[in-house]
Amino acid sequence: MKNKRYNLLLIVGVTLLALWSLVPTWKEYSLGKQLEAFSSPRDSLNFVLNHRDEIEDARQKGLKLGLDLKGGMHLVMEVDQIDLFMQKAWNRDAKFDAIMEEVGRQAAATDADVIDLVSAAFRKQNIRLSRYFYDIRNSDSEIQGKLRKEAADALVRAREIIRNRIDQYGVAEPMITTQGNRKIIIELPGISDENRMRNLLKGTAKLEFRLLREKGALQRTLDAINTALSAPSSSGSSNDAANNGLYSFVQVYGSDNAAVRAENRELASDMLKRPEALSQLPPDSELLLAARADEADDGSRLYSLYLVRKTPELTGGVITEAKATFGSQGVQPEVLMSMNSEGTSKWARITGANIGKRIAIVLDGAVYSAPVVQSKIPNGNSVINGIQSLEEAKDLEIVLKAGALPAPVRIVEERTVGPSLGADYIRAGLQSLIWGFSAVVVFMIFYYRQGGLAADVALVLNVLIVLSVLAGFNASLSLPGIAGIVLTMGMAVDANVLIYERIREELAAGRSITSALSEGYDRAFSSILDSHVTTLAAAFLLYTYGIGPIQGFAVTLMIGTAASLFTAIVVTREIFRLLVSKNLMSSKSFG
Amino acid sequence: MRIFSNTSIDFLGRRKIAYAISLLLLLTGLVSLAVRGLNYGIDFRGGSEVVLRFEQDVPVGELRSVMRDAGVSGTIKQYGMDRSFLLSTVFNGDTNELKSLISGALNSHLKGNPFEIVRIDAVGPSIASDLKWSAFKAMGAALLAILIYVGIRFELKFAAAGVVAIFHDVLIVLGLFSLLGGVFEVMPLEMDQSIIAAFLTIAGYSITDTVVVYDRIRENIRNRKPSEYEQIFNESMNRTLSRTIITSCTTLLTVLVLFIFAGPAIRAFAFAVFAGILVGTYSSVFVAAPLAFEWIKRSKAPVKLRGSQKA
């Protein structure tokens, strides 16, 4: 019986290991309890300061709670590859734009590979990719390869920039990973201001300095667009409002100013994007709206319209430092920026050559301000104003410092759980654990007596192992994970049920308890193995193809099932061996 | 205590009745699937869901009219917690906009009753199609893996009958979801990711039950003549019946606990698993083993189960 001592050692070892890896979790819990016990904030602060290392260590090694239990945001963001590829194309024309727009629609509805969609669309039109991308001598597959690399680079860069933004905003333990070739998964536990977080994440932060067109150009262009849009359209217009022309939404006042009322903003900007309107623009020009509405004398809110050059004079790549502050009057928040040496010399040249003209500061396609150049600026400083709050200025500082995203990034999936619901989930999870455990334990003892007791001991060890593996591998426990544990408790005793039923049969056939025990274990083993392998396979596939919350369920189910192979077989057998050797078992032990 | 000891039920003799019951259940489900379809959750159709919790109770009708006046499209239902409502609407990439629309409407119309947005889920259309595809892949891969494993451990006919039983179980639960979808206010029974998890759990459970019966058949069938197969099958099923019922009981107990205590997010999952375990227990005895029996009876050749020769 060499095996005997070996098994006993193994059981003790596993139990100790499981307990040991749960020590930090226990510590974290008890430290938290002590913290709660303090009445004054000063006491608790002192406590935290005195036990800082201990708390930090416990928090790092303890069992982590998932976003749903702790409250937080789970976001999936998608890099707009269509936009990225459009940036890379070198002689875009209307046909190209039309094809890409169509591909964009397809890409939004499916999860298909964008490069495949693009290639297919161009092949259908019988156009080689090289007409628009890279070198004319490249074959389609070479270009696909290059675009793929471009997309992969963009994804990595986007992830780094988003990480920068989140780090600078200050979130404890964010998790940022990429998935596939265009998705970024972001997990942010315990966010207090989710609105701000969303705003912070979604902007491209593409900063441009663009010259305004000469005086009078804005008025002339708007006139032309108004006439073009008022003309009865050949297609038979479906939109009556559009036929009233642009001037029903856009007011021109003064010599060189135009604005849109806040309520008409969407409508006007849609109108200005129509082909009839775009064709009336002077070459290398673009109409942009202000980022922020101004309050007019009559109390209405107006967005200014600017006619700017399409080609920027300078872009945000030269910005090295940004700082949110209050302006000279001390009330208006603004962001001061400084540039690198290349940007500084360019900026000096641009401002020097355009004194008296206006330069628009454009962030993500919206004009923040368009100051008149008073003099040459030699030191590479510039400023963004027209910002509403200091908070927004701070966020701008963050995104400018982190740099611009290579392409726009959109939120395509979001799961946010508020802290109060998280607390509810924890309560619900604990209740399920306690009741599920009690139900199984009582049932087993009721049905199998001593045998049931042994199975219950094994069950405790099983749950301990699941929790300790989660803590040891830094995985987090979520509500579906708890559901997995509860369900596993019901299924893990299956191995014992198989064995005990077998033992009962052997006892009924007249065997002694010792031989019934060994026959029962031996004969039930192949059933147990087969049934566990199939359950494990299903759980594993669930883990592979599922996402987030479902993976949590699959993980606990897998660990629990695998652990029950050990606990339900080795542990209970060892218990019986011990009991038999002490003459504590009889043929009545299994009910 | 013993409930099912020394039974000698003629399972195979009653298999025609069992087939009829199974077919009836399957057909009902399939008709419902064709007529009523399934209630897809946002995981698979895309969309946004917001759970609102109020300090005092609000009649759902009042909430609906407030939201309609504010221009928030979509449906509002009671959520399975106190004073809570679930608003589901189309996906738009800007959650902040949706939130401010909701907050604006509620703050002006239900002033004395503060509320909290406790949960937001938003799933874009591309993600939804991705998730749907993943669900299919997971189910397909699970069935294939089970077919191969059981095929290797026993024999292909047994494996195929086991997989048919899984299909049977999952389809009946799916039919149940279609039939009861939207019937209960607190439990809409929508198809989402957690239901896929439930299906895979059911598949694992169903084959576990089946394999235990098979295992006993393998043990008993050694060196016996094909004419005795019917008796062997019946005997094996009777011998494992107790285990089958007891394990179902413990598992059903825990699933019931989940259903009652784990809250609305888990309720549909628990419901699916509960139904699946009932059907799965039934199918291991009345579908999988009888089908395997029919097949080997027709193939005439004596069955050679792997592993039955040794020991």
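Trainee: Which residues of helix 8 of chain A are buried?

Mentor: The conventions come before the answer. The model is predicted: local features need pLDDT of at least 70 and side-chain atom pairs count only at pLDDT 80 or more, while totals for chains, interfaces and linings use all residues. Residues are numbered from 1 along each chain as its sequence is written, and chains are lettered from A and ligands numbered from 1 in the order in which they are written. A residue is buried if 20 or more other C-beta atoms lie within 10 Å of its own, exposed if 12 or fewer, and partly exposed in between, with C-beta atoms placed from the backbone. Helices (H or I, at least four residues) and strands (E, at least two) are DSSP runs, numbered from the N terminus. In helix 8 of chain A, the buried residues are Ile143(A), Leu147(A), Glu150(A), Ala151(A), Ala154(A), Leu155(A), Ala158(A), Arg159(A), Ile162(A), Arg165(A), Ile166(A) and Tyr169(A). An α-helix has 3.6 residues a turn, so residues three or four places apart point the same way.

Trainee: What should the 30 residues of helix 8 of chain A span?

Mentor: The expected span is 1.5 Å times one less than the number of residues. For helix 8 (residues 140-169) of chain A that is 44 Å, and the end C-alpha atoms are 43 Å apart, which agrees. Just after this helix, Gly170(A) has a positive phi of about 95°.

Trainee: How many of the 23 residues of helix 17 of chain A are buried?

Mentor: The count is 17, so helix 17 of chain A is largely enclosed by the rest of the structure. This helix covers residues 450-472, and its expected span of 33 Å agrees with the 33 Å between its end C-alpha atoms. Asn474(A), just after helix 17 of chain A, takes a positive phi of about 65°.

Trainee: Is Glu519(A) buried or partly exposed?

Mentor: Glu519(A) counts as partly exposed because it has 17 C-beta neighbours inside 10 Å. Glu519(A) belongs to helix 19 (residues 513-545) of chain A. Two residues are in contact if their C-beta atoms, placed from the backbone, lie within 7 Å. Leaving aside residues up to four places away in sequence, Glu519(A) touches Glu506(A) and Arg511(A). The C-alpha atoms of Glu519(A) and Glu506(A) are 7.4 Å apart, although 13 residues separate the two in sequence.

Trainee: What is the order of the open sheet of four strands in chain A?

Mentor: Two strands pair if DSSP finds at least two bridges between them. Here the order is 11-5-14-15, with antiparallel pairing. Strand 11 (314-315) and strand 15 (366-369) of chain A are the edge strands, each pairing on one side only. Strand 5 (residues 207-211) and strand 11 of chain A are joined antiparallel over two bridges, and Phe209(A) has Leu314(A) as its bridge partner in strand 11.

Another set of pairings runs through strand 7 (residues 257-261) of chain A, which pairs antiparallel with strand 6 (residues 250-253) of chain A over four bridges. Val260(A) in strand 7 of chain A is the bridge partner of Val250(A). Strand 7 of chain A also pairs antiparallel with strand 10 (residues 301-309) of chain A over four bridges; there, Tyr303(A) is the bridge partner of Val260(A).

Trainee: How many residues of chain B are in contact with chain A?

Mentor: On the chain B side 61 residues touch 63 residues of chain A. Helix 5 (125-153) of chain B is among the elements that give two or more residues to this side, and its 15 residues are the largest share. By class, the chain B side has 32 nonpolar, 18 polar and eleven charged residues, where Ala, Val, Leu, Ile, Met, Phe, Trp, Tyr, Cys and Pro count as nonpolar, Asp, Glu, Lys and Arg as charged, and the others, Gly among them, as polar. Strand pairing also crosses between the chains: five bridges join strand 17 (residues 409-417) of chain A to strand 4 of chain B, which run antiparallel. Val417(A) stands opposite Arg119(B) in strand 4 of chain B.

Trainee: What is the radius of gyration of chain A?

Mentor: The radius is taken over C-alpha atoms, and the globule rule is 2.2 Å times the number of residues to the power 0.38. Chain A, with 20 helices and 18 strands, has a radius of 34 Å, well over the 25 Å given by the rule for 591 residues, so it is more spread out than a compact globule. Its C-alpha trace spans about 110 × 70 × 45 Å along the principal axes, and 42% of the 591 residues in chain A are buried.
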